[in-house]
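Please read the following account with the sequence and the three-dimensional structure side by side. It goes from one region to the next and names the residues on which each step rests.

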Amino acid sequence: MGIFKIEGGISLKGEITPQGAKNEALQILCAVLLTPEKVIINNIPDIIDINKLITLLGNLGVKTQKNGSGSYIFQADEVNMSYLETEAFKKEGGSLRGSIMIVGPLLARFGKGYIPKPGGDKIGRRRLDTHFEGFINLGAKFRYNREDHFYGVEAPEGLTGASMLLDEASVTGTANIVMAAVLAKGMTTVYNAACEPYLQQLCKMLNSMGAKITGVGSNLLTIEGVERLGGCEHRILPDMIEIGSWIGLAAMTKSEITIKNVSWDNLGLIPNTFRKLGITLERRGDDIYIPAHVNGYEVKTDIDGSILTISDAPWPGFTPDLLSIVLVVATQAKGDVLIHQKMFESRLFFVDKLIDMGAKIMLCDPHRAVVMGHDFKSQLKATTMSSPDIRAGISLLIAALSAKGTSTIQNIEQIDRGYELIDERLRAIGAQIIRA
């Protein structure tokens, strides 16, 4: 287990180019299983979770060839379905939550798909019902081995289009169902579908491969099944969660930072949510410029003067992945903020570490926390802490970079799961951070 040693309280300066989007890459990589032809994917982030999925695809028989920095050629013309029944697959598939999205493509193309209970962040209950109810609606038979926590769906005669209303607008659930439906016989309609930019990207990629998906960007998708899909070339969007992380970092460390090529039109509420915290950010072409907040930042109250509440919601609402960053940024704001994490009941359980550093936070219940900002009148103090999940990990790293003294963060593999070469990129803009 590696650690970061961080000397805090240093203002940074420079330009940052965000990595490719982790959550898009997980979907896009699984989609290569839908065709025997070559698929070129660009801007793939070099992070643990994505590299695990690429390895898993290789073990499944997908030919993978690195085509340059962040670029790969995939060809799934000799998929080894027997690998799904091995102990190695149970171990590898179970270590990565994104592995659930191989099931839809395999079911559509080969008539069966299996997966162990996926791993990932321990941020609360993350149900899989939406995925499997969608497959059952398309005609698959479901089975579950409770002893091994092993899920399976089978449709030896192929899938048939159906109309369905999802019980939740699950991003991965929608992606899985769409990838299954593109090769089903007839028409499928998916209502209450997720419509995040990354899901839109998946639909656009599938359409470029020959799929017939309409309603992209809305919560009602219509999919006309086709007999086969071909190859394509696709570029992954910049990671909106990393972009939000850099905004928070700049404000907390009073740093002047430019975030390059952010794909502004796909950021939704992210810029305005940080502006509500009093953070100044400017659009310069497709870049975000954040000046050094030498005088701090003041929270904007609601129109009636009540405490600002920031909560998560399915797109186009504010992404839950950034609430941890917003919370840590609020610790040095002028004013109070209520953070309401609706979707996951364990995601706020890292606040005790911030309280140890001197932050004024009241955890109301598993879903809500009130943050009373210091307005930089009291600097956070360095400490030793452990990273419980990806987003809490980067939030603690931001806190450490703003704190007085030298902090140690353990279990940094959690951060590496979602952030590419984070220590190198921080050092490039002046941070004093060592990986040991």
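The paragraphs below take up the nonpolar core, a helix, the strands, several individual side chains and the cysteines in turn.

The structure is a predicted model, and the description of local features is confined to residues with a pLDDT of at least 70. A suitable place to begin is the interior. In soluble globular proteins, nonpolar side chains tend to be buried together. Here the largest nonpolar core has 151 residues, and the members that touch the most other members are I102, L206 and L277. Taking L206 as an example, and setting aside residues up to four places away in sequence, one finds that L206 touches A31, L34, V178, M179, V182, A211, I213 and L229.

One of those contacts of L206, A31, leads to helix α1, which comprises residues 22–31. Nine of the 10 residues of α1 are buried, so the helix is largely enclosed by the rest of the structure. The buried residues include nonpolar ones such as A25, L26, I28, L29 and A31, but K22, E24 and Q27 are buried in α1 as well.

What does the side chain of E24 meet in its buried setting? The side chain of Q201 makes a polar contact of 3.1 Å with the side chain of E24. Q201 belongs to helix α7, residues 197–208, and with a relative accessible area of 11% it falls under the 20% limit and therefore counts as buried. Leaving aside neighbours within four places in sequence, Q201 is in contact with E24 and I28, and also with H234, R235, I236 and L237. By contrast, Q201 and A108, which are 93 residues apart in sequence, have C-alpha atoms 20 Å apart in space.

I28 of α1 also appears among the contacts of I41, a residue of strand β3. I41 is buried, with a relative accessible area of 0%, and, residues up to four places away in sequence being left out, it touches I28, L29, V32, G70, S71, Y72, F74, H234 and I236. The C-alpha atoms of I41 and G70 are 8.2 Å apart, although the two residues are separated by 29 places in sequence.

The pairing of β3 helps to place these contacts. Strand β3, residues 38–42, is joined to strand β5, residues 71–75, by four bridges, and the two run antiparallel; within this pair, I41 stands opposite Y72. β3 also pairs with strand β13, residues 232–235, again over four bridges but in the parallel sense, and there N42 has R235 as its bridge partner. R235 is also one of the residues in contact with Q201.

A further set of strands forms an open sheet of four, in the order β2-β14-β16-β15 and with mixed pairing. β2 (13–16) and β15 (282–284) stand at the edges, each with a single partner strand, so one side of each is left without a neighbour in the sheet. From one strand to the next, the twist averages 20 degrees. The partner of β2 is β14, residues 256–259, to which it is joined in parallel by four bridges, and G14 has I257 as its bridge partner in β14. Helix α8, residues 240–252, lies across β2, β14 and β16 (287–290), and it runs at about 170 degrees to β14.

Another buried polar side chain is found in helix α5, residues 129–137, where H131 has its place. H131 is buried, with a relative accessible area of 1%, and a polar contact of 3.0 Å joins its side chain to that of N176. With residues up to four places away in sequence not counted, H131 touches I100, S170, T172, G173, N176 and I177.

It remains to consider the cysteines. How many disulfides does a search of the whole structure find? Such a search finds zero disulfides. For C30, the closest cysteine sulfur is that of C232, and at 14 Å it is too far for a bond. C232 is likewise in no disulfide, the nearest cysteine sulfur to it being that of C203, 13 Å away. C30 counts as buried at 0% relative accessibility, and C232 is buried with a relative accessible area of 12%. C30 is thus also one of the buried residues of α1, the helix that is largely enclosed by the rest of the structure.

How values were computed
Residues are numbered from 1 along each chain as its sequence is written. This is a predicted model: local features need pLDDT of at least 70, side-chain atom pairs count only at pLDDT 80 or more; totals for chains, interfaces and linings use all residues. Side-chain values use heavy atoms; hydrogens and water are left out. A nonpolar core is a set of buried Ala, Val, Leu, Ile, Met, Phe, Trp, Tyr and Cys residues joined through side-chain atoms within 4.5 Å. Buried means under 20% relative accessible area, exposed over 50%, partly exposed in between (1.4 Å probe, protein chains only). Contact means heavy atoms within 4.5 Å. Two strands pair if DSSP finds at least two bridges between them. Axes are lines fitted to C-alpha atoms, for helices over the stretch in contact, and angles run from 0 to 180 degrees between N-to-C directions. A polar contact is a pair of N or O atoms within 3.5 Å; within protein, one must be able to donate a hydrogen and the other to accept it, and residues adjacent in sequence count only if both atoms are side-chain atoms. A disulfide is a pair of cysteine sulfur atoms within 2.5 Å.
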